[in-house]
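User: I should like to learn how to read the architecture of a helical chain, beginning with its overall order and ending with a single helix. Could you guide me through an example?

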Amino acid sequence: MTETGRDLSALTRHARATIVCAVRNRQALATFAGVFVISALTSTCSAPRPAPAPPAAQQLWGDMKPVVSVKELMRDFIDPASDYVFDAVGIVDTKKNTVETAPKTDADWEKLRVGATMLAEGAYLLKVPRPFAPEGDVNNSTGPDPEELSPTQIKAKLEADPVLWNAKIEALRNVGLEVLEIVKRKDAKELWDAADNLDQACESCHVAFWYPGEAALLKKLDKKLEDLYGIHPGRSNKLGMDPK
Ligand code: HEC
């Protein structure tokens with residue numbers, strides 16, 4: 001494991017101090033070298049008022065043990081969970097008329113609640129260190145103009161900026177929470193925005209960690225054109241996904 005990875009696990013195991021000051025400086029968080037430095041940072045942070053008592057470090061009831069890679073977690077958990085939201089609202093244009101989908105029955109809303117809970121809770125499974133892809137799978141990272149980063153490259157990105165990875169996880173969780181609130185109010189109109197936010201949450205992490213290259217971005221642009229003007233560049237697409 002690299003310095004940062006080791007430091008972060010040390011943090012979860014041992015930290016008793018609040019890192020309010022440290023998180024102001026992402027660089028500091030990415031490079032601090034253990035509990036000793038955290039307390040040093042905290043104590044040199046000058047607060048205008050007496051600092052509130054540091055919250056107790058979070059205790060888990062037991063070890064978190066991953067079962068699958070990030071790639072499989074996406075395929076078999078996060079992606080299916082998101083479909084509850086993406087499939088709940090939509091407009092289908094047929095030659096004859098326009099059919100709008102929206103949750104109507106209690107059963108429809110329950111399905112949405114299931115999806116929202118899976119997203120809000122399941123997002124945190126991405127905080128458990130796990131391989132990015134199954135053994136031997138290097139993604140579409142080979143060839144002259146590779147679309148995807150390899151699992152090794154993705155891991156290096158995360159280790160260089162774990163704060164960003166966590167921010168993307170929180171963003172995903174927030175959309176789950178947003179949908180849970182919408183389910184309580186049964187406000188179908190707000191679901192459109194929520195589905196957009198969800199697409200953004202998936203996409204912005206993918207662009208940051210999975211396919212930051214130009215090729216993928218161009219395809220994304222194609223998709224926007226398709227959505228706006230009905231131009232079909234000949235690719236099938238799905239919200240939240242690599243537009244390939
Ligand atoms: C915190 C970052 C992050 C978020 C948020 C995220 N993903 Fe991913 N996702 C990844 C990474 C990284 C990969 C590539 C893993 C690999 O192939 O090595 C990936 C891959 C995938 C894959 C490919 C799986 C396969 O079998 O090839 C799908 C599908 C997917 N994500 C769907 C989603 C959807 C849908 C959402 C939103 C609801 C989402 N992801 C949110 C990081 C994220």
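Analyst: Let us start with the elements: helices, of at least four residues, and strands, of at least two, are DSSP runs numbered from the N terminus. In this predicted model, the protein chain follows the order α-α-α-α-α-β-β-α-α-α-α-α, with ten helices and two strands.

User: What share of the 244 residues counts as buried?

Analyst: The buried share is 19%. As for contacts between residues at least 6 apart in sequence, 65% join residues at least 24 apart.

User: How should I read the course of H5?

Analyst: One compares its span with that of a straight helix, at 1.5 Å a residue. H5 has 17 residues, yet its end C-alpha atoms are only 21 Å apart, short of the 24 Å expected. A kink of about 35° lies at Ile78, shortly before Pro80.

User: Which residues of H5 are buried, and against which helices do they pack?

Analyst: A general point helps: an α-helix has 3.6 residues a turn, so residues three or four places apart point the same way. In H5, the buried residues are Val70, Met74, Ala81, Ser82 and Val85. They pack against H6, H8 (162-185) and H9 (188-209).

User: How do H5 and H6 cross?

Analyst: One reads distance, angle and handedness. The axes of H5 (residues 70-86) and H6 (residues 106-122) come within 8 Å and cross at roughly 140°, and the crossing is left-handed. Among the residues making the contact are Phe77 and Ile78 of H5, and Leu112 and Met118 of H6. By class, the contact has ten nonpolar, three polar and one charged residues.

Technical notes: Residues are numbered from 1 along each chain as its sequence is written. This is a predicted model: local features need pLDDT of at least 70, side-chain atom pairs count only at pLDDT 80 or more; totals for chains, interfaces and linings use all residues. Axes are lines fitted to C-alpha atoms, for helices over the stretch in contact, and angles run from 0 to 180 degrees between N-to-C directions. A crossing is left-handed if the near helix is turned anticlockwise from the far one by less than a right angle, and right-handed if clockwise. Two residues are in contact if their C-beta atoms, placed from the backbone, lie within 7 Å. Ala, Val, Leu, Ile, Met, Phe, Trp, Tyr, Cys and Pro count as nonpolar, Asp, Glu, Lys and Arg as charged, and the others, Gly among them, as polar. A residue is buried if 20 or more other C-beta atoms lie within 10 Å of its own, exposed if 12 or fewer, and partly exposed in between; C-beta atoms are placed from the backbone. The expected span of a helix is 1.5 Å times one less than its number of residues. The bend at a residue is the angle between axes fitted to the seven residues ending there and the seven starting there.
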